[in-house]
Structure formats: structure tokens, C-alpha cells
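The exercises below go through one part of a protein model, each with a worked solution. Look at the sequence and the structure before starting.

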Amino acid sequence: MMSLKGFARAMRRRLRDEPHLRLAAARADAFLVSYPKSGRTWLRYLLSCYFAESARLGFAPDLTSTFRVLPNFDRDPVRGIDAFVGRSGAAALPLILVSHLPYRERLFLDRPALFLVRDPRDVIVSAYFHATRHKKSFSGDMAAFLDEPKYGMASLTGYLNGWSAGLEGRPHHLISYEHLLSEPLATVAGILAFLGVEPEGDILARAVAAAQFDRMRDKERGGGIPGHDYDRNDDQSLRMRSGKAGAFGEWLSPDQADLVLERCRSDLSPRALALLAATGVDLAG
């Protein structure tokens, strides 16, 4: 858990950065928003490959330069807003700010949102390995993780409830990890259409090919993710950990998998449950 000094530093940084973030939000064409471990790294990289070529940026993104095309909604010099390459030549490059932050109206303003969702059972498993093997910020077992307020089910349902309310009345486009996995061309074409971009078929096909799981895993093993120090020889610590849908059964017992769905049914608002319906998970009970 964060110390009192660490919490105070975080609050000071938040107060210092917020005016800058609101100015950036006002300029944004859209936000790409998701709960952590929902597939954001993959989608960001795929979109950055598309826009780097379509906007003629002159480089093929890797897992560092991808932030130059779709930056985080923060002040990090390598991954954040200041890393954005801007608009280049005659081809407009949209400013898509990427965030895991909980919904706050005064921070995200009224800007359009791309909202990415994933089967909550897969999210929890991926979050568990991120906390235990990538960040090493949690040392308990899966049962303890499900009940941990900072990382487990309470965090996931709280996040989805906040954003489901924040999306109401806001232009938004819902994306499921599962649909992106099964139909990447159609899914990304829908994202581009929402952004007002006419998809270029050849470029889109090349972007999808560049973002294949094995290719991204090789890039991660070779160069890692900026700002993260972790064992890239440990498969379970990688951002490119699985690349599958419905693999939660390898790590969750049947009772734990049922518990995840039951917590969703009991703790999510009707709007939040509707968001998860896009994943194909049966939450009717």
C-alpha cells in the first residue's frame, strides 16, 4: 500500500498537473479509456501503426514510440502528452489521449470516448499477474486478490460504474477485447469511422499484421515497456502475457470464476452491466 508520504506526493503532483491536463483534454479528438489489463497496449499499438503510416510520420512504431502517436493522458515526458508528434503535413493525426483514470467530469470534459471492455474474469487474472509478477505490488493468492480493495473486484466494479455514468450523453464508441481479437479489421474500421477517419484498407491490414501477438511479444522481450522494470524472461510478467479470450479457467477455480460474475451482477449498475454485455459474457444470472 502507498505510504502517507507517497500519497501526499501523488496529491501534490495531481494538483500541479490538473490544469495542464484539462487544457490537453479540451484539444483532444477523443479519449481511449479502459480499466487496466483490458487490452489497451494491443489496441494502442495497432492504432499507432495505422496512424503512423496514414499520416506519413516516417517511422514504424515500437512499444516506446507508440506513445508518440497515442500518448497517455499524463505529463510523463516519454509516454505522456508532451511526447505527441502533433499533426503532420496534409494528413491530420487525431489526438487520442489514453487513460486508465477513473471518471471525473472536470478532467475528461465533454470529449468523445473510445471505451474498451473485456471479460471481467480475464481482466482479473491479467491484473493478478500484473500485480504479482510485473509490478510486484501484491503477494497474496488469487482468493485474497479478488477481495483486495485496491486491485480486486471492488476496484473493477467501481471503475465501470463511474465510467458507465460518465459515458451517458457523451459521444462514445464501445469496443470489446473479444471482438477485437476475432474481427480486428472490422473492429478497427469501426473505431476509425467513429473518429471521422475513412479507413484505408491496405494500411489497416498492415497495421493488424504488425500488431499480431507474437510480433508484439518479441518487441516487448527485446525492448520492454518504458517506465517499467520487470523480468522480460518471465512469460507471466509480460504485458503480452496471453493474447487470448476466455483463458481465465487456467488460473481461476470454477467457484472463483463464478464469484467474479456474481460480484458484477450484484455491484454493477445496469449501465455498467450493459457495457460488459459487449464482451459476450452472460451476466443475466
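Two strands pair if DSSP finds at least two bridges between them. The model is predicted.

**Exercise 1.** Determine with which strands strand 3 pairs, and in which sense.

*Solution.* Step 1: take strand 1, residues 30-34. Strand 1 and strand 3 share 4 bridges and pair in the parallel sense. In this pairing, Val 33 is opposite Phe 115 of strand 3.

Step 2: take strand 4, residues 172-176. Strand 3 and strand 4 are joined over 5 bridges, in the parallel sense. Here Leu 114 stands opposite His 173 of strand 4.

**Exercise 2.** Place the strands in their sheet and find which ones are at the edges.

*Solution.* Step 1: the sheet is open, has 4 strands with parallel pairing, and runs in the order 2-1-3-4. Step 2: strand 2 (96-99) and strand 4 each pair on one side only, and these are the edge strands. Step 3: ignoring direction, neighbouring strands of this sheet are turned against each other by 20 degrees on average.

Step 4: add the helices. Helix 2, residues 40-54, packs on the sheet and touches strand 1, strand 2, strand 3 and strand 4. The direction of helix 2 makes about 165 degrees with that of strand 2. Helix 9, residues 184-194, also packs on the sheet, where it touches strand 3 and strand 4. Its direction makes about 170 degrees with that of strand 4.

**Exercise 3.** Decide whether the residues of strand 3 are buried or exposed, and sort them by the way they point.

*Solution.* Step 1: the cut-off for buried is under 20% relative accessible area. Step 2: in strand 3, residues 113-117, 5 of 5 residues are buried. Step 3: Ala 113, Phe 115 and Val 117 point one way, while Leu 114 and Leu 116 point the other way.

**Exercise 4.** Find how many cavities of 30 Å³ or more the structure has, and describe the lining of the largest cavity.

*Solution.* Step 1: a search of the whole structure gives 1 cavity of 30 Å³ or more. The space in the largest cavity is about 60 Å³.

Step 2: among the lining residues are Leu 116, Val 117, Arg 118, Pro 120 and Leu 156. Step 3: at least two residues of this lining come from each of strand 3, helix 5 (120-134) and helix 7 (153-167). Step 4: sorted by class, the lining consists of 8 nonpolar, 1 polar and 1 charged residues.

Technical notes
Residues numbered from 1 in each chain as written. Predicted model: local features only at pLDDT ≥ 70, side-chain atom pairs only at ≥ 80, totals over all residues. Heavy atoms only, no water. Buried < 20%, exposed > 50% of the residue type's maximum accessible area, 1.4 Å probe, protein only. 1 Å grid on protein atoms, 1.4 Å probe; cavity = no way out; pocket = protein on both sides within 12 Å on 5 of 7 lines; lining within 4 Å. Points joined across faces, edges and corners; volume = space filled by probe spheres on them. Nonpolar A, V, L, I, M, F, W, Y, C, P; charged D, E, K, R; others polar. Axes fitted to C-alpha atoms, helices over the stretch in contact; angles between N-to-C directions. Contact = heavy atoms within 4.5 Å.
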